[in-house]
Amino acid sequence: MFTGEIDAYILSHIDEEGDLLSALNRDANVNLLRPRMLSGHLQGRILKMFCRMIRPRRVLEIGTYTSYATLCMAEGMEEGALIHTIEINDEMEDFIMKYLSRSLHKDKIKVHFGDAMEIIPRLDETFDMVFIDADKRLYSEYYDLVFPMVRPGGLILADNTLWDGKVVEEVHPSDKQSSSICRRTKRGRTGNKDLRRSRCRF
Ligand SMILES: C[S@@+](CC[C@H](N)C(=O)[O-])C[C@H]1O[C@@H](n2cnc3c(N)ncnc32)[C@H](O)[C@@H]1O
């Protein structure tokens, strides 16, 4: 979406990501498959900004991957606040713990390993903010599952909703990820009752 120059301009005018996140980012790019999945500097600062703005006591992240976004959100949260983050791939555990253990904000983070669809119903929490960033084929299901757990006025943020522009293209029936994202968007446009009263639409 951004040209390289605008991207560079934005990155030079926002807060630095800091040594820990910078090391994590580099480690992911050198050692992990699909490092592009990590939120990155700009999106990480935006997530932190949301936390500073709404001062959530409870946050849910669906899809931890490296914990880059988790650490950014925790930075913006106050002492005593908690972020639950869920990751299905337990092979990420060593990587995640390596960086969480070095973070000043580690006490604000609880990592759950397993399928978010199974773990979320077991969380006895009301969330001020939810960040959906896991399996695109299940976006609608995550949304429906978390909706009743978000307080009025809370935020539900979802990554990749424009899906590299595919949302305005004809979706091939075999493309389950794009179909799921578009299904939710269409339900929003056709006036789904829950979405009309929703805290935040995507
Ligand atoms: C795009 S990455 C998350 C990036 C991270 N939120 C960030 O911003 O840096 C998506 C992650 O979701 C995980 N995932 C996929 N399906 C999941 C599920 N059903 N439950 C929990 N995690 C899942 C994947 O293993 C992957 O690590």
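Helix 3 and helix 4 cross each other in a right-handed manner. This is a predicted model, and in it the axes of helix 3, which spans residues 41-54, and helix 4 come within 7 Å and cross at roughly 35°. If you would like to find the contact yourself, look on helix 3 for Gly-44, Arg-45, Leu-47, Lys-48, Met-49, Cys-51 and Arg-52. Their counterparts on helix 4 are Tyr-68, Ala-69, Cys-72, Met-73, Glu-75 and Gly-76. Sorted by class, this contact between the two helices has seven nonpolar, two polar and four charged residues.

Let us stay with helix 4 and turn to the interior. The largest nonpolar core has 36 residues, and helix 4 gives the most to this core, with six residues. Two residues from the helix contact, Tyr-68 and Met-73, are among those with the most contacts inside the core. The others in that group are Val-59, Ile-62, Val-130, Ile-132 and Tyr-142. Tyr-142 is a good place to pause: leaving aside residues up to four places away in sequence, Tyr-142 touches Ile-62, Ala-116, Ile-132 and Ala-134.

Ala-116 leads us on to the ligand. Around the ligand there are 19 residues, and Ala-116 is one of the closest, together with Ser-39, Gly-63, Tyr-65 and Ala-69. Helix 4 (68-76) appears here again, as one of the elements that give two or more residues to the shell, along with strand 2 (82-87) and helix 6 (116-119). By class, the shell around the ligand is made up of 10 nonpolar, four polar and five charged residues. Ala-69 of helix 4 thus links two parts of our tour, as a residue of the contact with helix 3 and as one of the closest to the ligand.

Terms used: Residues numbered from 1 in each chain as written. Predicted model: local features only at pLDDT ≥ 70, side-chain atom pairs only at ≥ 80, totals over all residues. Near = placed C-beta within 6 Å. Helix = DSSP H or I, 4+ residues; strand = E, 2+ residues; numbered from the N terminus. Nonpolar A, V, L, I, M, F, W, Y, C, P; charged D, E, K, R; others polar. Axes fitted to C-alpha atoms, helices over the stretch in contact; angles between N-to-C directions. Left-handed = near helix turned anticlockwise from the far one by under 90°. Contact = placed C-beta atoms within 7 Å. Core = buried A, V, L, I, M, F, W, Y, C linked by C-beta atoms within 7 Å. Buried ≥ 20, exposed ≤ 12 C-beta atoms within 10 Å, placed from the backbone.
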